[in-house]
Amino acid sequence: IDEQLAYKEKIKALLKEKDAVLVAHYYTDPEIQALAEETGGFVGDSLEMAKFGNQHPAKTLVICGVRFMGESAKILTPEKRVLMPTLEAECSLDLGCPADKFTEFCDAHPDHTVVVYANTSAAVKARADWVVTSSIALEIVEHLDSEGKDIIWGPDRHLGSYIQKQTGAEMLLWQGECVVHDEFSSKALRDMKNLYPDAAILVHPESPASVVALADAVGSTSQLIKAAKTLPNKQLIVATDKGIFFKMQQMVPDKELIEAPTAGAGATCRSCAHCPWMAMNGLQAIEQGLREGGEQHEIFVDESLREKSLIPLNRMLDFAA
Ligand code: 13P
Ligand code: SF4
């Protein structure tokens, strides 16, 4: 505990010294989210993180999350220094969608509009017409469908098929998945619902279709937190990374939050869904990144890739405005 406190104090001093601000995702550990808020930084979903970094005046952004979030920040604000606790914080969606293979897929269907999830590399974004996050994907695909566009979607097949079902749009799906959400099990969830018959089920759309089918609310991390407030149920079963419980519980202190079960864990699962890369964001790593910078921590994006990937990213931000 003393060590944690010491790191927090060092980070606070370094934030001032380097004119830096912490921008954290809901899946990072509670002490990081709390520190971001305490120091005038931000906690949010991936779209809100991009927006916050874009408009905040600090010279340095410390992105606590995974690498694509740091890259998006650098693409949007190249004049800022973008640091991360560790550049080894990857994402299975990004890793499962190499730019050369994805380009081949797109080139084979040149008449399709290419829509990619933010959870991708700058090179994949550079090949896209649109970038989306889970909080705005539905609206953007609805808009493209209303213009009669056929769509290539990558990389999350579960989110893609959810959007396809909701919109009826013509979509070719890349076959990627999030290792965390893919593990939720509809069978175990049904068993859990039997234990808590009055509970509402909240599901992130990176989960398999059979899990989404059981949901009372489906949405991005921020949308799930809103749903937790709006739904009348006193018990909520939540199918997303357990990091979200910190902010969600603050928003609904009187409600009981229950972690949805993953396949192996069964209906008594506790603490099973947590992204291994989000977990790499620790206080010590933040302090080191701020103090040392360097290639372990600082994000650089090739300028020609940056210019290309900025176009579909800005399209999303303009659409969201
Ligand atoms: P949100 O856009 O809902 O925050 O989810 C992004 C994500 O998968 C982060 O891991
Ligand atoms: Fe990627 Fe899933 Fe981790 Fe999010 S939770 S960073 S989608 S692997």
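Two strands are said to pair if DSSP finds at least two bridges between them, and the strands themselves are DSSP runs (E, at least two residues), just as helices are runs of H or I with at least four residues, numbered from the N terminus. The structure is a predicted model, in which local features need pLDDT of at least 70 and side-chain atom pairs count only at pLDDT 80 or more, while totals for chains, interfaces and linings use all residues. Residues are numbered from 1 along each chain as its sequence is written, and chains are lettered from A and ligands numbered from 1 in the order in which they are written.

**Exercise 1.** Find which strands pair with β5, and work out whether β5 is buried or exposed.

*Solution.* Begin with the partners: β5 and strand β7 (residues 151-154) pair in the parallel sense over 4 bridges, and Val114 stands opposite Ile152 in β7. Strand β6 (residues 130-132) also pairs with β5 in the parallel sense, over 3 bridges, and there Trp130 is the bridge partner of Val115.

Next, turn to burial, where a residue is buried if 20 or more other C-beta atoms, placed from the backbone, lie within 10 Å of its own, exposed if 12 or fewer do, and partly exposed in between. In strand β5 (residues 113-117), 5 of the 5 residues are buried, so the strand is largely enclosed by the rest of the structure.

Finally, consider the faces. In a regular strand the side chains alternate between the two faces of the sheet. In β5 both faces are covered, with Thr113, Val115 and Tyr117 buried on one side and Val114 and Val116 buried on the other.

**Exercise 2.** Locate the residues that UniProt lists for "binding site", and describe the surroundings of Cys91 and Cys275.

*Solution.* The unreviewed UniProt entry lists Cys91, Cys178 and Cys275; its positions are given in the numbering used here, feature names are shortened, and annotations may be inferred rather than shown by experiment. Although these residues are spread over 185 residues of sequence, they cluster in space, the largest C-alpha distance being 9.0 Å.

Now take two of them in turn, counting a contact when C-beta atoms, placed from the backbone, lie within 7 Å, and leaving out residues up to four places away in sequence. Cys91 lies in the loop between β4 (81-83) and α5 (92-95), is buried with 26 other C-beta atoms within 10 Å, and touches Val66, Arg67, Phe68, Asn119 and Trp277. Cys275 lies in the loop between β12 (256-259) and α14 (283-292), is buried with 25 such atoms within 10 Å, and touches Tyr27, Val180 and Asp241.

Definitions and conventions: Contact = placed C-beta atoms within 7 Å.
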